[in-house]
Amino acid sequence: MAATTEEVPTGRTGGSPGPGVPWRVRMRNDSRLAAILFLLPAVLILVGLLGYPLVLGVWLSLTNETLAESGQFVGLSNFIYLVQDPVFRTAVFNTVLYTVVSIFFKYILGMALALLLNRKLRFKGLLRAVFLLPWVVPTVLSAIAWWWIFDSQFSILSWIGIHLGLIHHNINFLGSPWNARWSVIAVDIWRGTPFFAISLLAGLQTVPKSLHEAADMDGATSWQRFRHVTLPMLSGITAIVVTFSAIFTFSDFSLVYSITRGGPNNATHLLATLAYQEAIQGGNLSEGAAIAMFIVPVLFAVTLLTYFKVSRRKW
Amino acid sequence: MSRDGDKFPPALHTSELARMAASGVSRRSLLRSMGLGVGALAAGSLLSACGGSSAGGAPQVVKSGPIEKGAKLKLLRWSAFVDADQTNWEKNTQAFTQKTGVPVSIDWETWTDVQPKAATAAHVGSGPDLAIAFYDTPQQFPDKLVDLSDVADDISSKAGAWFSTPQKYGQSNGQWIAIPLGANGAEWNYRVSWAKAAGFSEFPKDTDGLLEFAKAMKTDGHPIGLALGHAVGDANTWTHWLIWAFGGMTVDSNGKIAVDQDGTIKALEYAKQFGDQMISGVASWDDSNNNKAYLAGQLGATSNGISIYYSAQSDAPDVAADTMTAEFPVGPVGKPTQFHQISQFMVYAYTQYPNAAKEYIKFMMAPEQYKPWMEASEGYVSPPLESYTQDPFWTSKPQFTPYRDAAKNMLWDGYSGPMGIQSSQALADYVVVDMVARAATGQQSPKDSANQAAAQLKRIYGV
């Protein structure tokens, strides 16, 4: 049998080796089986790490479970309450504002940075590494640094402003609702811009020079080349970057929790921070799960929207 | 002014919530613990927080007996604010191990991380054998804890009576579900020379005097500052004190929402005047901001644990030399209405070594171990037992004395209603802090702010 096994042709590209072939050989040569085996770990991880918590979260959001007691099925009552709850509505507003404004500015600034880095510059490698720093530094660390920068008594920004004569007293960055909102949005823009810049830079470097040369010969201006050559060529990478950023920003937790813990007066709560507060700190698991559930359809919609509207093509 | 713990707070066991029958760790615990862990990674949101359960009810009664063979313990404890606290705690723990042969590993966690970790462990049925958590965390899941009534009796037999509020925190339906370690007292720290310059030879004893003090200090350029952001300790402690000092409360003794009544409105009117005297930016302050500002010499007074004085001695000796401490003034109700972060031992029902855990608590709370540790902690933990407050340590330095009676003079979370999941959630949601902050910063009128808090509480309490 061993000799027979050796004679079985290898390197098949598909289909079954046929009956009568030992199972070990069949496994080795059946590409469909191999595909399943290779995919299995990923599928198991996805089911275990995404599928199960998601299903559990959906179930809990339909119950009245707390840390203390088992829950009973209560239908949509958590969701019905939440849409009437002013704190939840504030969190939804904050999350949408935080995501939309952040992504808009991250895209604009990221594109500007990418265009700059795509030019012939001295120390380009070093500059790229420096610009990437805000993205690679752990969020909690950078959030703590910004928390100091925004400190009501020791803010370096206030100190500079006072010494330059621009202001006469410290800026209350985190003490009033709108100041706090803009402050955390600014930090997220600072943190996320390098991701856009590096990704778009990678996209820029795939744009064939011949297209720009052809547009040049046709008399196109710089803006026209950017608008009609560069941007369309970047649509694919833009779709990916915007989708990823939307997912990360909409479900962000660590930045806001580290800087404001949702304050002042719940003015900076995002859905994720509010869910954590309600479920883990407050012990109301079902309500926390329901809040988290609001994130899922939005992220799904963002993904689809970006996929179909921004890329405008099938990948 | 009465400081008699027997007279106030009121008698124990009022309006306790009825509990369902006890049960063991649920069949879904393991699966749910998996969900809890992986969800955090996968969803990046609260999908992670949604794990397991068992029916609510009474604590798990474990018949006391000898320490289990091969027992070893894992303790979850908040990391020390005073270095000698940790040193002495570990020393006592080693002594316990030498005496019993039971090794004890201690997870020192940042104090704000203890509550979620302790609650998660209870819910999934896996984790440390025992924990020391803050506020009314044990009241959230009494059925997932071991009945410690025999431990409480044993400690009391050696160290005397418990103060009433710590006892209330430790009990559910007459059974001890947790053993109070003590109250991490929050009292006033102020600059003596600046106070004298402002015309105050001692710290005010009542709320009217406190307002005058705040005005005078601001006029002299040394404003007071108290946290009004989402500060778990510093904001909760003084805002609750304020509401109660004027007769306000979130919930009455019948469990009805009472936050929108006269006492609270008066407290919020006071808060507006009081807030106007504070240094700017307090609405964003967390638990560390007042420490930084005080040590930098920007504050004339603030409320904090004695750790601020401890830090000043090493980091800002000139500030420490000019610092005196004082108890929270008494409001129109005429009685102390302090609120502090109580710290409690609790033993999880899932532990394999409940008797070892009980012995550990008894050992650590016994006078031979507790007193040296209490002294080494320099007053950071106010004892829950009357006899320990009579220790000469508390009068060895005038700065220590105001912290001595923190556990005696405190009220409880959710006063004057029952403690439980609702009071915990109200605290976690910063209902009182935000209510005071809205009024103090002028975002809302006192009445509107109280009404908003009432709406939040009605939802939380389900009424």
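**Local environments in chain B and its contact with chain A**

In the predicted model, Leu295(B) lies in helix H11 of chain B, which spans residues 289–295. Leu295(B) is partly exposed, because 17 other C-beta atoms lie within 10 Å, a count below the 20 or more required for a buried residue and above the 12 or fewer that define an exposed one. When residues up to four places away in sequence are not counted, Leu295(B) touches Ser311(B), Ala312(B), Asp315(B), Ala316(B) and Val319(B). Asp318(B), 23 residues from Leu295(B) in sequence, is placed 9.3 Å from it in space, C-alpha to C-alpha.

A second partly exposed position is Gly101(B), which has 13 C-beta neighbours inside 10 Å. Gly101(B) occurs in the loop of chain B that runs between helix H2 (83–100) and strand E2 (104–109). The C-alpha atoms of Gly101(B) and Gln273(B) are separated by 59 Å, and the two residues are 172 residues apart along the chain.

Chain B as a whole contains 21 helices and ten strands. Of its 463 residues, 60% count as buried. Among the contacts in chain B between residues at least 6 apart in sequence, 77% join residues at least 24 apart.

Helix H19 of chain B (residues 421–428) is largely enclosed by the rest of the structure, because eight of its eight residues are buried. The buried residues of H19(B) are Ile421(B), Gln422(B), Ser423(B), Ser424(B), Gln425(B), Ala426(B), Leu427(B) and Ala428(B). The cover over these residues includes elements of both chains: H14 of chain A, together with helix H4 (137–140), helix H9 (234–245), helix H20 (431–440) and helix H21 (446–461) of chain B. H19(B) is followed by Tyr430(B), which has a positive phi near 55 degrees.

The contact between the two chains takes 53 residues from chain A and 45 residues from chain B. On the side of chain A that touches chain B, helix H3 (31–61), helix H14 (271–281) and helix H15 (285–293) of chain A each supply at least two residues. The largest share of this side, nine residues, comes from H3(A). By class, the side of chain A that touches chain B comprises 26 nonpolar, 23 polar and four charged residues. H14 of chain A thus appears in two settings, as a contributor to the side of chain A that touches chain B and as part of what covers the buried residues of H19(B).

How values were computed: Residues numbered from 1 in each chain as written. Chains lettered and ligands numbered in written order. Predicted model: local features only at pLDDT ≥ 70, side-chain atom pairs only at ≥ 80, totals over all residues. Contact = placed C-beta atoms within 7 Å. Helix = DSSP H or I, 4+ residues; strand = E, 2+ residues; numbered from the N terminus. Nonpolar A, V, L, I, M, F, W, Y, C, P; charged D, E, K, R; others polar.
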